[in-house]
Amino acid sequence: MEDQDALFVTLLDELGTPERFELIMTFDYEGARYAALLPAGVPDGANAGAEEEADVVLLEIVRGSDGEVYRPVENPILRDEVFAEFLALLDEPEGEEQAR
């Protein structure tokens with residue numbers, strides 16, 4: 001069952017097939033904006049035994065003339081750094097992010 005307060009986005013894969021994701025958070029890292037997404041429709045417990053963050057998709061948000069575009073993080077070093085920042089923010093208690 002989907003959360004009524006959750007924000008969902010639909011992205012197109014390489015073949016142009018629409019895929020729906022739940023937006024977990026957006027955050028800034030090194031002057032760029034990123035979105036952390038989870039594939040929508042994955043039943044709770046579907047990843048039992050797997051690490052929870054394995055399904056997280058991290059994309060850079062780029063503003064263009066047509067609005068926001070979500071772009072994959074191609075550089076593996078940057079992708080690891082962005083993922084580490086995401087995990088750090090996820091572990092922060094509520095309200096602590098503003099103190100940074």
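Guide: Contact means heavy atoms within 4.5 Å. Leaving aside neighbours within four places in sequence, Val 73 is in contact with Tyr 34, Leu 58, Glu 60, Leu 78 and Arg 79. This is a predicted model, where local features need pLDDT of at least 70, side-chain atom pairs count only at pLDDT 80 or more, and totals for chains, interfaces and linings use all residues. Residues are numbered from 1 along each chain as its sequence is written, and side-chain values use heavy atoms, leaving out hydrogens and water.

Visitor: What pattern does the chain follow along the sequence?

Guide: The chain reads β-β-β-β-β-α, with five strands and one helix. Both come from DSSP runs: H or I over at least four residues for a helix, E over at least two for a strand, numbered from the N terminus.

Visitor: Why is Glu 22 called partly exposed?

Guide: Buried means under 20% relative accessible area and exposed over 50%, with partly exposed in between (1.4 Å probe, protein chains only). Glu 22 has 28%, so the middle label applies. This residue sits in strand 2 (residues 18-29). Among the residues that Glu 22 touches, beyond four places away in sequence, are Phe 8, Leu 38 and Ala 40. Ala 40 is 18 residues from Glu 22 in sequence, yet their C-alpha atoms are 5.6 Å apart.

Visitor: Which residues make up the largest nonpolar core?

Guide: A nonpolar core is a set of buried Ala, Val, Leu, Ile, Met, Phe, Trp, Tyr and Cys residues joined through side-chain atoms within 4.5 Å. The largest has twelve: Met 25, Phe 27, Tyr 29, Ala 32, Tyr 34, Ala 36, Val 56, Leu 58, Val 73, Val 82, Phe 86 and Leu 89. Strand 2, strand 3 (32-39) and helix 1 (76-91) each give at least two of these residues. Another core, of eight residues, lies apart from it and includes Val 9, Phe 21, Leu 23 and Leu 59.

Visitor: How do you know that the buried residues of helix 1 line one face?

Guide: Val 82, Glu 85, Phe 86 and Leu 89 are the buried ones. Looking down the axis, the buried residues fall within an arc of 100 degrees, so they line one face of the helix; the arc uses directions from the axis to the C-beta atoms. Their cover includes strand 2, strand 3 and strand 4 (57-64). On the face turned away are the exposed residues Ile 77, Asp 80 and Asp 91.

Visitor: What makes Asn 75 a cap for helix 1?

Guide: At the N-terminal end, a side-chain oxygen of Asn 75 lies 2.8 Å from the backbone nitrogen of Ile 77.

Conventions. A polar contact is a pair of N or O atoms within 3.5 Å; within protein, one must be able to donate a hydrogen and the other to accept it, and residues adjacent in sequence count only if both atoms are side-chain atoms.
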